[in-house]
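Please look through the sequence and the structure shown here before reading on. The paragraphs that follow begin with one residue and its surroundings, and then widen the view to the chain before returning to particular places.

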Amino acid sequence: AILAERLGAAAVLAIDNDDWSIENAEENIMENNCMRIKTRKSDKIPVGTTLNIILSNINKHVLVHQMPQIGQQLAEGGVILMSGLLQEDFEDIENEAGSCRLSVFGRMTRGNWICLKMEKSN
């Protein structure tokens, strides 16, 4: 969230379902003098929110479960970066993404970890 603001994002919404993570994020936001980041304790993106960029670092099961909502809330021309995934998660993620009109167009690997870049497909 802090990097997104520093790179010029007009508004940033940081979501986590863990109290400590929200508290820690708020401390770091203040420490870094960020003014355009809002935090929210939740396990999903608020309904009715349309986002240009979604950065997600969470496990496969949560992403597969929330992929339909994520796909609906991504703006046309928007991008999703998903990390925190294992190489063996790729096929399940790609299959679910395809069923939600999302396509993988970038993949980075470090050891057994992967980061996927996706966009809405027609």
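In this predicted model, a useful point of entry is Leu85, which, once its neighbours within four places in sequence are set aside, is in contact with Ile58, Asn59, Lys60, Leu63, Ile93, Asn112, Trp113, Ile114 and Leu116. Leu85 belongs to strand β4, and because its relative accessible area is 0%, where anything under 20% qualifies, Leu85 counts as buried. Gly111 lies 26 residues away from Leu85 along the chain, and the C-alpha atoms of the two are separated by 11 Å.

From this residue one can step back to the chain as a whole. The chain is built from 4 helices and 6 strands, and, read from the N terminus on, these elements follow one another in the order α-β-α-β-β-α-β-α-β-β. The radius of gyration of the chain is 15 Å, close to the 14 Å that the globule rule gives for 122 residues, so the chain is as compact as a globular protein of that length. Taken along the principal axes, the box that the C-alpha atoms fill is roughly 40 × 30 × 25 Å.

Of the 122 residues in the chain, 31% are buried, and among the contacts with a separation of 6 or more, 63% are accounted for by residues that stand 24 or more positions apart. The surface that the chain exposes comes to about 7900 Å², of which carbon and sulfur atoms supply 50%. As for charge, the chain has 12 positive and 17 negative charges, and the mean positions of these two sets are 6 Å apart.

Ile93, one of the residues in contact with Leu85, leads on to helix α4, which spans residues 90-99 and in which Phe90, Ile93 and Ala97 are buried. Seen down the axis of α4, these buried residues fall within an arc of 70 degrees, so they line one face of the helix. An α-helix has 3.6 residues a turn, so residues three or four places apart point the same way. On the face of α4 that is turned away from this buried side sit the exposed residues Glu91 and Ser99. Which elements help to cover the buried residues of α4? The cover includes helix α3 (60-73) together with the strands β4 (74-86), β5 (102-110) and β6 (113-120).

Just beyond this helix, the backbone deserves attention. Most residues other than glycine have a negative phi, and most peptide bonds are trans. Arg101, which follows α4 and has its place in the loop between α4 and β5, is not a glycine, yet has a positive phi of about 65 degrees. With a relative accessible area of 39%, Arg101 is partly exposed. Asn33, although not a glycine, likewise has a positive phi, in this case of about 55 degrees, and is found in the loop between α2 (19-31) and β2 (37-41). The relative accessibility of Asn33 is 62%, and Asn33 therefore counts as exposed, the cut-off being over 50%.

Strand β5, part of the cover over α4, holds two further residues to follow, Gly106 and Arg107. Outside its neighbours within four places in sequence, Gly106 is in contact with Cys115, Leu116 and Lys117; between Gly106 and Lys117, which are 11 residues apart in sequence, the C-alpha to C-alpha distance is 4.7 Å. Arg107, under the corresponding exclusion of neighbours within four places, is in contact with Gln87, Phe90, Ile114, Cys115 and Leu116, and Phe90 is one of the buried residues of α4. Arg107 itself is partly exposed, with a relative accessible area of 40%. Leu13 and Arg107 are 94 residues apart in sequence, and their C-alpha atoms are 24 Å apart in space.

The last stop is helix α3, in which Gln69 is found. Is Gln69 buried or exposed? Its relative accessibility is 19%, and because the limit for a buried residue is under 20%, Gln69 counts as buried. Apart from neighbours within four places in sequence, Gln69 is in contact with Lys44 and Ile45, and Ile45, which is 24 residues from Gln69 in sequence, is 8.0 Å away from C-alpha to C-alpha.

Technical notes: Residues numbered from 1 in each chain as written. Predicted model: local features only at pLDDT ≥ 70, side-chain atom pairs only at ≥ 80, totals over all residues. Heavy atoms only, no water. Helix = DSSP H or I, 4+ residues; strand = E, 2+ residues; numbered from the N terminus. Rg over C-alpha atoms; globule rule 2.2 N^0.38 Å. Buried < 20%, exposed > 50% of the residue type's maximum accessible area, 1.4 Å probe, protein only. Contact = heavy atoms within 4.5 Å. Areas by Shrake-Rupley, 256 points an atom, 1.4 Å probe, with all protein chains shown as cover. Lys, Arg positive; Asp, Glu negative; His and termini not counted. Charge placed at Lys NZ, Arg CZ, Asp CG, Glu CD. Arc of directions from axis to C-beta.
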